[in-house]
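Morning, everyone. I'd like to walk you through one structure today, so grab a coffee and have a look at the screen.

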Amino acid sequence: MTSTTVILDKTQIAHKLRRIAYQIYESNVKEEEIIIAGIKENGYTFAKKLKRMVEKISPIKVTLCAVTIDKKSPSSPITTSIEAKEYTNKSLVLVDDVLHSGTTLIYGVKYFLD
């Protein structure tokens, strides 16, 4: 018999997603465009959902960016689905599925800050 632990149910996830989208909107209310960059795989999946929700609740244009980081070797080169000129000097939200230490997220932040 396999036991599973439910951390959040579907309704709770939808509520959290909506709250995060509102926080993104509130923090970027004066922006015309923002970038939501999701670290593949699960971070990108969540980023797509956030994009839809932010666009639903606000007039802000949202550009989605997939970020590829080798999770076994996060210091390896990082790639993005859009060119740097498309996100330079724009508000950017980096999304990951921080399951353990958050190391991948730290490398992702460093990449965009550089």
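**Starting from the sheet**

Okay, let's begin in the middle, with four strands that form an open sheet, ordered β3-β2-β1-β4, with mixed pairing. The edges are β3, residues 79–80, and β4, residues 91–95; each has a single partner strand, so one side of each has no neighbour in the sheet. Before I go on, please keep in mind that this is a predicted model.

Let me take the pairings one by one. On one side, β2, which is residues 61–68, runs antiparallel to β3, and two bridges hold that pairing. If you want to find it on screen, look for Val 67, whose bridge partner in β3 is Thr 80. On the other side, β1 and β4 run parallel, joined by five bridges. There you can look for Ile 35, which has Leu 92 as its bridge partner in β4.

Now, is β4 mostly enclosed or left open by the rest of the structure? Well, four of its five residues are buried, so β4 is largely enclosed. I like to put that next to the sheet order, where β4 is an edge strand with a single partner.

What packs on the sheet? Helix α2, residues 42–57, does, and it touches β1 (33–39), β2 and β4. The direction of α2 makes about 155 degrees with that of β1.

**Zooming out for a second**

So how many helices and strands does the chain have? The answer is four helices and four strands. Going along the sequence, you read α-β-α-β-β-α-β-α. The C-alpha trace spans about 50 × 35 × 20 Å along its principal axes. There are 114 residues in the chain, and 34% of them are buried. For contacts with a separation of 6 or more, 67% are between residues 24 or more positions apart. As for the surface, the chain exposes about 7,900 Å², with carbon and sulfur atoms supplying 53% of that.

**One residue in the core of the story: Ile 36**

Let's go back to strand β1 and pick out Ile 36. Buried or exposed? Its relative accessible area is 0%, so Ile 36 counts as buried.

Which residues is Ile 36 in contact with, leaving aside neighbours within four places in sequence? The list includes Ala 47, Leu 50, Lys 51 and Val 54, then Val 62, Thr 63, Leu 64 and Cys 65, and also Val 93 and Val 95. If you recall that α2 covers residues 42–57, and that β4 covers 91–95, you can place many of those names on the screen yourselves. Take Leu 64 as an example: Leu 64 and Ile 36 are 28 residues apart along the chain, yet their C-alpha atoms are separated by 5.1 Å.

**Now the charges**

As a reminder, side chains of opposite charge can pair when their charged atoms come close. This structure holds eight salt bridges, and I'll show you a few.

One of them joins Lys 61 and Glu 33, with the closest N and O atoms 3.6 Å apart. That pair links distant parts of the chain, since Lys 61 sits in β2 and Glu 33 in β1, 28 residues apart.

Glu 33 also has a salt bridge with Lys 90, at 3.1 Å from N to O. Here Glu 33 is in strand β1 while Lys 90 is in the loop between α3 (84–87) and β4, so this pair ties together parts 57 residues apart in sequence. Glu 33 has a relative accessible area of 17%, so it is buried. Lys 90 is partly exposed, at 32%.

Over at another spot, Asp 114 and Lys 110 meet in a salt bridge of 2.7 Å, N to O. Asp 114 counts as exposed, with 71% relative accessibility, and Lys 110 counts as partly exposed, with 46%. Back to the earlier trio: Glu 33, Lys 61 and Lys 90 are joined into one network by salt bridges that share partners.

**Last stop, the surface**

To finish, let's look at a nonpolar surface patch of about 300 Å², made by Ile 7, Leu 8 and Ile 13. Where does Leu 8 lie? Leu 8 is in the segment before α1, the helix at 10–27. With a relative accessible area of 36%, Leu 8 is partly exposed.

That's my tour, thanks for listening.

Note on methods:
Residues numbered from 1 in each chain as written. Predicted model: local features only at pLDDT ≥ 70, side-chain atom pairs only at ≥ 80, totals over all residues. Heavy atoms only, no water. Patch = residues over 30% accessible without salt bridge, like charges linked within 9 Å, V, L, I, M, F, W, Y side chains within 5 Å. Areas by Shrake-Rupley, 256 points an atom, 1.4 Å probe, with all protein chains shown as cover. Salt bridge = Lys/Arg side-chain N within 4 Å of Asp/Glu carboxyl O. Buried < 20%, exposed > 50% of the residue type's maximum accessible area, 1.4 Å probe, protein only. Pairing = 2+ DSSP bridges. Contact = heavy atoms within 4.5 Å. Axes fitted to C-alpha atoms, helices over the stretch in contact; angles between N-to-C directions.
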